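Work through the exercises below with the sequence and the model open. Each task is followed by a solution in steps.

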Amino acid sequence: MTPLKYDSPTSLTQGLSAAQASKAKPNTMENRHQESTGELMLSQFFTFFNIVNYILAGLIILTGSYRNLLFMVVVISNTLIGLIQKIRSRRTLNKLALIHQQTYSVLRDGKWEPLPVDQIVQNDILRLSSGAQIPCDCRIREGFCQVNESLLTGESDALDRSAGQDLYGGCFLVSGSVLVQAIAVGDDQYMASILHDARKDKERVSQLQEMLDMLIKFCTLMLVPAGVLLFLKLFFYTRLPLNSAILNTCASVIGMIPEGLMILTSTALAAASVKMARQAVLIHDLYSVESLARVDTLCLDKTGTITSGNMHVQAFLPQGEETQEQLKQNLADLFGSLGDDNVTAKALRTALQDWHSRQKAARTFPFSSTAKCSGAVFGDQTYLIGAYTFLFAHPDPAVLDQIEDYAARGLRVLAFAKGPELSALKKGDYTLCGLILIEDELRPDAPQILDYFRTQDVSIKVISGDMAQTVQAIAGRAGVKGKTIDMQNVSDDQIEDVVSAYSIFGRVSPVQKKLMVEALQKQGHTVGMTGDGVNDVMALKQADCSIAMGSGAQAALAVSSFVLLNNQFSVLPRIVLEGRRVVNNIQRTASLFLVKTIFSFILCVLTVLWMRSYPFIPIQLTLVSSLGTGIPAFILTFENDTKRIQGNFLVSVLSRATPGALSVCLSIATAYILYVTQWIPMDQAAYQTICTILASVNAIGVLYWICRPLSLVRLLVITLCAAGYAGVMVFVPSLFSLAALNPMQLIAAGAIALGELFVLSLLQKADWHHLYARFLPSFLKEEKQILAREYACEEDRDC
């Protein structure tokens, strides 16, 4: 990368003046633009499906049959409901994001001010410390740090950077503290697209998104050609009048459009986001709600997740000839020079608050997550503090036994050592001067929360960079059981076996965390990851669903799906339940919509190949879809169904929808045979009325099967919809172009309807789930792997 160029250095004591800042280029990007309310309205009203509906409405207007425009009331209502909910949710989330937005310490007129990223301007002086995501391309003016540039280079190793060297936007500081000057801001920076959205390099596509995308593709490919072929058949071959051909064609196309599904889905997700926002949970991606609801393996970073993130020093234990006073004074000197501001450093500074630094270091080595230590050079000696096994090339077995004993009690043990002057942190034969015992504070609600996940069959993996014994002790206090392993000597190719066999992992490197998540995903698991530190970023990005604590490193917050703004670990079960509620309800209502889409497509094909005319006109199909799909779907979308989600979304929806679609097609085909043969004398109006009755009865039958097991609300929905159909056919049949049927026609309609319900019950018993999973395209290979395991279990009863 080319070194950054800038005109002149800004004063490190004054920074920019207010006048200079007002004239400088701001750190804003063009692609950060948020849709205005007007733009949101345009995008909501002019979706693909709505545009098709507008065209169909225009064609119906040409026929003069205005009553058949009733379907547009449903379309406009759905659109308005979705728009209002989106505006409400956006306002709520924007307020929440504004309150909790990340700020940077910027020097203006000699004073340090906290400013949001878009108020930073070119040539500003900023103070960056460990965990901060770099807001723009900068030149280090003072200090030393280690930076992770994996977003640029793909390499995860921390790189040393000091005065005169460059830092690039989107990367983040692993350790250290520096004063930097903003050089390239906004769209001028090297990697502007990553600055505010580090998650873009890993798109998370949920099964729900996948299904909706498939529906749009299907409708895009099939609606126009199917409609054109049907019109040509009706007008040129069957020789229906132009108006009748248009109405028949419009009815077919309207039936194939799942007009309310998209809006109902976005409305349900937006409502869930508002609910979570009220619990101080910020969602970066609405579809992550589904991913979290499907999580079956939850990886927990110990510090800051099952522990509160607060630590306190329990004891200072001098070693060798070092006294208690000498140990504390040396530590005070060390931390008086070090800029480390992690929780361990804060705990030590609190414990040493009565001791003051007496000497200034000539050089410092900020904490490195790779070296697991930090240090400073005083004269001809270097003071080092960190993990004992990482500091000493030849560890003393007696000291190791002592450390293991403390670790087994859940204490972290840091070693303080002295050695010759160093050029870099590395293992050596130093002099051990003392051990420091530090205790993590367990979250009081951690055992209860983890027990909840166990009852939901979610596997828990506790991952930490601490000693394995320490992690095991704390995990045990939190109620996590399972085997423990030290990851120091585990090679990358062993990780896939290790993650299956163990539940508690110590001495895990940042790269290993990511590899562990990848290994679990390869085994077919949906993986959730919680964390709050820079060392968690790669694993958070890799996980199917990532959750960061609000007090965590800025880089961790940027890559996560959810941010628990108040660090409220206890809210996780509620988030999972909300996700399950949304996905289960959408899955159920999507089945209702797809019944109509599938049977309308099949009837269109049958009409092109066999039938003389389409069995409905638009207003009749509006009646069927409103009472049998739209109204019950809207009510059921907000039902409190929190059972565990299983299987692929698309497979589940198609499996539920297919029996209803086939049964109504078979019943209408039977009615058509009676119509064309005149075994039961009827005209076209009577035939269409019988078809409407059959579709309505089928809709109630499908609703019953989808609503099982019945609750009071579900039973009430079914009863009201059935009563609605009956009321329309008795009191206002002419409004929906329904003809009066003679006794023979009523008997025929009733007989076919009974047969339809019988066929529906038989089709419901078929194993559509396995059928679709076996024959759908390769994107369902994960589902096929799950089914293969199920079949293996069926054959092996000891599975």
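## Exercise 1: a helix and its span

Task: Compare the expected span of helix α23 (residues 618–636) with the distance between its end C-alpha atoms.

Solution. The model is a predicted one. Helix α23 has 19 residues, and at 1.5 Å a residue it should span 27 Å. The end C-alpha atoms of α23 are 25 Å apart, which agrees with that expectation.

Next, look along the helix. α23 has a kink of about 45°, and the kink is centred on S626.

Last, consider the surroundings. Of the 19 residues of α23, 15 are buried, so the helix is largely enclosed by the rest of the structure. Buried here means under 20% relative accessible area.

## Exercise 2: strand order and edges

Task: Give the strand order of the open sheet of 8 strands, then state which strands stand at the edges.

Solution. The order is β8-β21-β20-β19-β9-β16-β18-β17, and the pairing is mixed. β8 (281–283) and β17 (484–486) stand at the edges; each has a single partner strand, so one side of each lacks a neighbour in the sheet. From one strand to the next, the twist averages 20°.

Now take the β17 end. β17 pairs with strand β18 (residues 504–506) in the parallel sense, over 3 bridges. D486 has G506 in β18 as its bridge partner. Helix α17 (residues 468–477) lies across β16 (459–463), β17 and β18, and runs at about 145° to β18.

## Exercise 3: a loop residue

Task: Locate N535 and list its contacts, leaving aside neighbours within four places in sequence.

Solution. N535 sits in the loop between β19 (527–531) and α20 (537–542). Its relative accessibility is 26%, so N535 counts as partly exposed. With the sequence neighbours left aside, N535 is in contact with P510 and K513. P510 is 25 residues from N535 along the chain, and the C-alpha atoms of the two are separated by 5.0 Å.

## Exercise 4: cysteines

Task: State how many disulfides are counted, and whether C604 and C665 are buried or exposed.

Solution. A disulfide is a covalent bond between the sulfur atoms of two cysteines. The rule asks for a pair of cysteine sulfur atoms within 2.5 Å. By this rule the model has 0 disulfides. C604 has a relative accessibility of 2% and therefore counts as buried. C665 is also buried, with a relative accessible area of 5%.

Technical notes
Residues are numbered from 1 along each chain as its sequence is written. This is a predicted model: local features need pLDDT of at least 70, side-chain atom pairs count only at pLDDT 80 or more; totals for chains, interfaces and linings use all residues. Side-chain values use heavy atoms; hydrogens and water are left out. Buried means under 20% relative accessible area, exposed over 50%, partly exposed in between (1.4 Å probe, protein chains only). Helices (H or I, at least four residues) and strands (E, at least two) are DSSP runs, numbered from the N terminus. The expected span of a helix is 1.5 Å times one less than its number of residues. The bend at a residue is the angle between axes fitted to the seven residues ending there and the seven starting there. Two strands pair if DSSP finds at least two bridges between them. Axes are lines fitted to C-alpha atoms, for helices over the stretch in contact, and angles run from 0 to 180 degrees between N-to-C directions. Contact means heavy atoms within 4.5 Å.
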